[in-house]
Amino acid sequence: MDSATSSYFPELKRLHRAAEPDVLAPLLERARLSPAEREAAVQVALGLLADLRAAQSSGWVNQFLQQYRLNSSEGVALLSLAEAFLRVPDPETADLLIADKFGDADWKAHAGQSSSKLVNTATWGLIVGKALVSEGGQGGVLRRLISRAGEPFVRQAVGAAMKMMGEVFVMGRTIDEAMRRMKRPENAGFTASFDMLGEAARTFPDGRRYFEAYAGAIEAVGRDPATGHSISVKLSALHPRYEVAQWERCVPALTEMLEALAVQAADQGIALTVDAEESERLEMSLEIIAAVGRLPRLKGWDGYGMAVQAYGKRARAVIGWADLLGRETGRRMNVRLVKGAYWDSEIKRTQEAGLSDYPLFTRKAATDVSYLACARDMLDAKGIAPAFASHNALTVATIVAWAGQSRDFEFQRLHGMGEGLYERLVREEGYRCRIYAPVGGHRDLLAYLVRRLLENGANSSFVHQLADERLTDAELLADPVEKIAKVGGSRHPSIPLPAELFGPERRNSAGLDLQDREELASVSSSIKSLVPSEVEGRLHESSETRPSTTLGTSEMVQRAARAFPAWSARPIAERAACLERLADLLEQHRTELMAICVHEARKSIPDALGEVREAVDFCRYYAVQARTSLAPVELPGPTGERNVLRHEGRGVWATIAPWNFPLAIFLGQTVAALVAGNAVIAKPAPQTPRIAARAVELAHQAGVPHDVLILAEGGPEVGAALVADPRIAGVAFTGSTNTARKIARALLEDEKRPLVPLIAETGGVNAMIVDSTALPEQVVADVVTSSFRSAGQRCSALRLLLLQEEIAENTLEMLAGAMDTLVVGDPSDPATDVGPVIDRTAYEHLMGHRERTRNSWIKTIDVPSDGNFVPPTAIRLRSMDDLDREWFGPLLHVATWKAGELEQTVARVNAKGFGLTMGLHSRIARSAEAVEALARVGNLYVNRSMIGAIVGSQPFGGEGFSGTGPKAGGPHYLPRFCAERVTSTDTTSSGGNATLLSLDDIGF
Ligand SMILES: Cc1cc2nc3c(=O)[nH]c(=O)nc-3n(C[C@H](O)[C@H](O)[C@H](O)COP(=O)(O)OP(=O)(O)OC[C@H]3O[C@@H](n4cnc5c(N)ncnc54)[C@H](O)[C@@H]3O)c2cc1C
């Protein structure tokens, strides 16, 4: 990127996660209206409000939407139905979906409420529909009706209603249909920007299909350029891996595709705008947009444009960047200013990633302020042709007030929204307005658009507020600048910084911004530079100071037993403080620890980061838990007696860890035992001793005495010797079910040995059940994440995908395409999705199974031949009962189930005896409830991936063959490491009943 526009990059970087008041201070100044401007804006806005209201009370669709507002439960029910209904191929599931969505809504409350007869009739339809589907439970009556009348009329009626909703939101199923519709009288005076919008591409063929749809649309619009219609392009629709980690391959590919579309649009004399998407994609999009914008071939074309999201802290700097690019390339960039459509998911992702601050504003009024400041810049900018996209009457009115006589800009609105807002401005006052017009099949598009609506369904949105009769015009038109100035631009109080997510008592583990190209490159190069020999050297150096490694297990136990009483006698607060210091040390040494995870355990960079963060979270969580749940408790009882329950250490615990979470699980089990007052001999897996050694060193540095925590490196013989030692007071083990069984047996072998607890977390044959209401794109993304990430080497990983028959083939086709986009390779490379499996033994074991199932492969992909790379493979089973054991690698087994057999399917999964994780993808809430009631698993994941349990939020651990519980990272874990002791003291026998004596005698 050349120096002029790239001069903005430090500023973009500075603003990205800057504190909200700092970002807002200059914006407030820029957005502030003079009293005269404010007065003018309010006057215009009042007129627009009247127009909007008039438009919304006309037309039955508007009235229908008015009656069933998006923030009422009935409105949400209808939209949820619309989101899923059209893609459901089988009547049985469609009926269940209708029953589910109709069932909870209170349609009667809407009876006769609308001024429209049609809407009232529709409401009666819904009331009758609900009565029909609710009696007899899930669709029972419907089924009877169908068989009696031979016609599923409720389903048909819903289908027709959905198609109507489709027409509200979708301009046309094809570009020609959309262009015809633009000629209707209601669109007179408006231009359109067509978008072949839909889900982001999941596969390369998806990307190609979208590319061709865009090219086709340009061609169609280009046949009649005088209409002034244009095209909007969403880059994520063109490439399945439009991600920072894949920068090297997606940015050039997208640049090439955008170039082809831009050249075609320029040749045909029409405009093309690049949509704005998630904040992490901004830098990539700027690079792509600049590269295409500078093409000599496009010189003189003034149709090139981009969208900018005002809710982002970088918005104003991006406007400056676009202005510069426009001036540099001798054209005015068409900049569409929007507020932004991904607010909820951006906030959630930032919290999950534990980043320093949000990339977006956290108050709605701050977004409005930013919008106004950007708008003012755009009106002044020489290199920008401004377009203001909003449905907010005040925002629009402010721009009208500022622009004065100028008409050198356009407004934009979404098809199906904001009708009435612009009609007068366009038809009587000479303003231009463009309608953003989604084009495509209702089945795909309605789902997408409705989801956007639901995701952005915040009550703070202007269209929702307009429909809220309790709000006065003065409230609707309150000045956002005043609102933000009043709170000093501060962050919204109910949106804590990610670090503060778990309240004041527990800091969230800090993440790294792996979506920042520079940060990712820097982490990756640090990891690469910490080559194994150096890692080894450092550990070797420090290991000389570790007296324990040369000890035999018996001597270890002896030393630990000697150290135990003093440690156990330490106040809980002191032990907890050691854990918190350890958490801080882990964060200080994060890159080094990640490097060891990558080199030793062959973890990918995101997995290595997740590993360190989980270890940190375990330390802080158990520290808090110890202070609260292990403190002595006085129990109620008869007067004259004191009963106190104490939790005390049991003695010396052996903690035996697996290689797949060599830091998080290794430390999690160990620090839990320690904080509960035990001494610990911690045995890592033989494959991952280095990371364990480093963790133990840091624990010692944090204040855990050397003999209280002893590292026992070695193979199964070391574990066996420890378990067999009768002085061991408890075992925490994570690994295979077989080894857990051996440990359990060994603990019982010696009849003279006390009975001691065993906490075992073992494997699972984890299934994901998918019904025909699920969104295939979401299913495929979650399947790939759950079964192939971490090379399938997570206990929670998906092993058995169970697809409802009707959707199986389509889903598998998309899955195969998504597998083709996976990068298998060196885990220290930031682009790698799937690394090798842990060692040769694991490799051969997995490859043997894979080879034996060769005839049943649905899909496999090529992998490097030099290393233990097991090709991710999907394997078809004849029956779901054919899989009865865990294959701990990237091998996914797939079977189908029949509509109506959800309960039986869960029962068959239960019958395997494992009970770790289960996934469900369904839009039917009652199906989720049914699975929740039936599934015998520790962790059920609904409509999401099945991996990545978060400490304190998703306590982890299974039942049956999958483990004993209690759950790691949950509130009941620590007490299991303790001896519970109660002391009951009779206070009457030792000199009188103090409690009674001290009671005031008034009232006797
Ligand atoms: C023609 C057109 C094209 C569009 N193209 C894009 C695009 O390319 N990319 C894109 O992302 N969106 C796009 N949008 C969608 C657009 O972002 C939303 O329609 C827009 O946010 C609605 O703004 P408003 O002024 O109509 O509504 P308002 O109700 O005034 O504002 C809603 C905005 O406030 C934000 N908000 C809500 N609560 C908070 C909070 N607590 N803190 C901070 N902000 C909050 C919402 O996220 C939303 O952005 C487009 C919209 C139009 C009309």
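These legends accompany several close-up views of a predicted model. Residues are numbered from 1 along each chain as its sequence is written, and side-chain values use heavy atoms, leaving out hydrogens and water. Because the model is predicted, local features need pLDDT of at least 70 and side-chain atom pairs count only at pLDDT 80 or more, while totals for chains, interfaces and linings use all residues.

**View 1. The whole chain, to get your bearings.**
The chain has 39 helices and 25 strands (DSSP runs numbered from the N terminus: H or I of at least four residues for helices, E of at least two for strands). Its C-alpha atoms fill a box of roughly 95 × 75 × 75 Å along the principal axes. The radius of gyration is 32 Å, which agrees with the value near 30 Å for a compact globule of 1004 residues (taken over C-alpha atoms; the globule rule is 2.2 Å times the number of residues to the power 0.38). Of the 1004 residues, 58% count as buried (under 20% relative accessible area; exposed is over 50% and partly exposed lies in between, with a 1.4 Å probe and protein chains only). About 39,200 Å² is exposed by the chain, with carbon and sulfur atoms supplying 53% of it (Shrake-Rupley method, 1.4 Å probe; for residues, only the protein chains shown count as cover).

**View 2. Helix α27 and its surroundings.**
Helix α27 covers residues 572-588, and its end C-alpha atoms are 25 Å apart, in agreement with the 24 Å that its 17 residues should span at 1.5 Å a residue (the expected span is 1.5 Å times one less than the number of residues). Look for its buried residues, among them Ile-572, Cys-578, Leu-582 and Leu-586. What covers the buried residues of α27 includes α26 (553-569), α28 (590-601), α29 (605-629), α30 (664-675) and α31 (689-701) (contact means heavy atoms within 4.5 Å).

**View 3. Two salt bridges, Arg-570 with Glu-574 and Asp-584 with Arg-620****.**
The side chains of Arg-570 and Glu-574 meet at 3.6 Å, N to O (a salt bridge is a side-chain nitrogen of Lys or Arg within 4 Å of a carboxyl oxygen of Asp or Glu). Arg-570 is partly exposed at 28% relative accessibility, and Glu-574 is partly exposed at 38%. In the other pair, the closest N and O atoms of Asp-584 and Arg-620 are 3.0 Å apart. Asp-584 lies in helix α27 and Arg-620 in helix α29, so this pair ties together parts that are 36 residues apart in sequence. Asp-584 is partly exposed at 31%, whereas Arg-620 is buried at 4%.

**View 4. A salt bridge between a helix and a strand****.**
Glu-809 and Arg-876 form a salt bridge, with their closest N and O atoms 3.3 Å apart. The pair links distant parts of the chain, 67 residues apart: Glu-809 is in helix α35 (residues 805-819) and Arg-876 in strand β19 (residues 873-876). Glu-809 is partly exposed at 49%, and Arg-876 is partly exposed at 37%.

**View 5. A nonpolar surface patch****.**
Val-633, Leu-635 and Val-982 make a patch of about 210 Å² (patch residues have over 30% relative accessible area and no salt bridge; like charges are joined within 9 Å, and nonpolar side chains, Val, Leu, Ile, Met, Phe, Trp and Tyr, within 5 Å). Val-982 belongs to strand β25 (residues 978-986) and is partly exposed, with a relative accessible area of 48%.
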